[in-house]
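Grab a pencil and open the viewer. Here are a few exercises, each with a solution worked through step by step.

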Amino acid sequence: MTAKEKVVVILGPTATGKTACGILLAQKLKGEIISGDSMLVFRGMDIATAKPTPQERALAVHHLIDVRDPEEKYSAFDFKREAASLIQEIHGRGHMPIIVGGTGLYLKALLENYHFSTSEEQTKRRQALAEYADRYGNEALHQKLEKLDEETANRLKINDRRRIIRAIEAWEDGDPVSQEKDSESPFDAVVFGLTMERALLYDRINRRVDLMVEEGLFDEARFFYDQGIPLDSQSMKSIGYRQCVQYFRGEWDKKTAVAKIKQATRNFAKRQITWYKKMPYIHWLMLDASPHYPSIADKMLEVLRERQFIEK
């Protein structure tokens, strides 16, 4: 039997410091980082996505950052295919692939080898959602979306069936996955999760948003808004840009827009945590209010040695 390729994964809700930890671990393991974040793929969209800075990227090799234009799509299917190829290439160079990011669907799709639906299966799935609404009512369909994406559900009216179905599909990035997946992972993976008490996490999120605003979030969003990037594109619907657009349109004042970004980011973190509950193989590391990431990276190395993933 061919040995599985080794992969280290660092995940966790937004604002827990995955980037800093990933870079430190990459330096210790002769590793290369593969972004596991659905928004870092878009060129020029740096502040709202908390993209690693050029200085950070100079400290370790990074992949799957700035690989799509803002008007393009990127899906879990794309990530699975491209990340799997990169893992093979990185091992071919004698390096360790380290996936760093918080997009639960992408990570599960790769690690659990999800089998993606064909176009015919997507059509059947759309029909199944319509039939579900016919049978149980539009409110039940709306509740199904609410469990996946509470923020979008709050914006859509219960009887707007077409948009609700599209939102359910969009939540899975346009590539609905079947329930089929391999019984075991195609990789020898050790998955670390960074977490902290909810109040501490929310405080970090709020402070991060304030910093983004100071760094020019609204100017960045205005650039893409003025460029005419479709507002229904994957990139422009992301947290940060979406609220800025509502400010540009005069729907909110700037203070309200900033508060809405914070609220949406906190809600996003809650959804991420819900996703991770579906991944029982995560080795969680609890962070305090001021994490010392070199120590966290050392703890990760200890676990990797204990599991004989790397040499002692």
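Before starting, note that this is a predicted model, where local features need pLDDT of at least 70, side-chain atom pairs count only at pLDDT 80 or more, and totals for chains, interfaces and linings use all residues. Residues are numbered from 1 along each chain as its sequence is written, and side-chain values use heavy atoms, with hydrogens and water left out.

**Exercise 1. Place T19 and G17, and work out whether each is buried, partly exposed or exposed**.

Step 1: start with T19, which sits in helix α1. Helices (H or I, at least four residues) and strands (E, at least two) are DSSP runs, numbered from the N terminus.

Step 2: check its accessibility. T19 has a relative accessible area of 23%, so call this residue partly exposed. The cut-offs are under 20% for buried, over 50% for exposed, and partly exposed in between (1.4 Å probe, protein chains only).

Step 3: list its partners. Skipping residues up to four places away in sequence, T19 touches P52, E56 and V100; contact means heavy atoms within 4.5 Å.

Step 4: now G17, in the loop between β1 (5-11) and α1 (18-29). G17 is buried because its relative accessible area is 17%. Apart from neighbours within four places in sequence, its contacts are L194, R204 and Y293.

Step 5: look at the record. The unreviewed UniProt entry has a "binding site" annotation covering T14, A15, T16, G17, K18 and T19. UniProt positions follow the numbering used here, feature names are shortened, and annotations may be inferred rather than shown by experiment.

**Exercise 2. Describe how α10 meets α11**.

Step 1: recall that two packed helices are described by the angle between their axes and the distance between the axes.

Step 2: get both values. The axes of α10 (residues 217-226) and α11 (residues 241-248) come within 9 Å and cross at roughly 80°. Axes here are lines fitted to C-alpha atoms, for helices over the stretch in contact, with angles running from 0 to 180 degrees between N-to-C directions.

Step 3: name the arrangement. At that angle α10 is roughly perpendicular to α11 (65 to 115 degrees; under 35 is roughly parallel, over 145 roughly antiparallel, the rest oblique).

Step 4: find who does the touching. From α10 come L217, F218, E220, A221, R222, F224 and Y225, and from α11 come Y241, C244, V245, Y247 and F248.

**Exercise 3. Where is D188, and what does D188 touch**?

Step 1: find D188 in strand β7 (residues 187-195).

Step 2: read its relative accessible area, 33%, which means that D188 is partly exposed.

Step 3: leave out residues up to four places away in sequence, and D188 touches K4, E5, K6, V7 and F309.

Step 4: compare chain with space. D188 and V8 are 180 residues apart along the chain, yet their C-alpha atoms are separated by 8.6 Å.

**Exercise 4. Which residues does D78 contact**?

Step 1: go to helix α3 (residues 76-92), where D78 lies.

Step 2: D78 counts as buried, because its relative accessibility is 14%.

Step 3: outside its neighbours within four places in sequence, D78 is in contact with R68 and K73.
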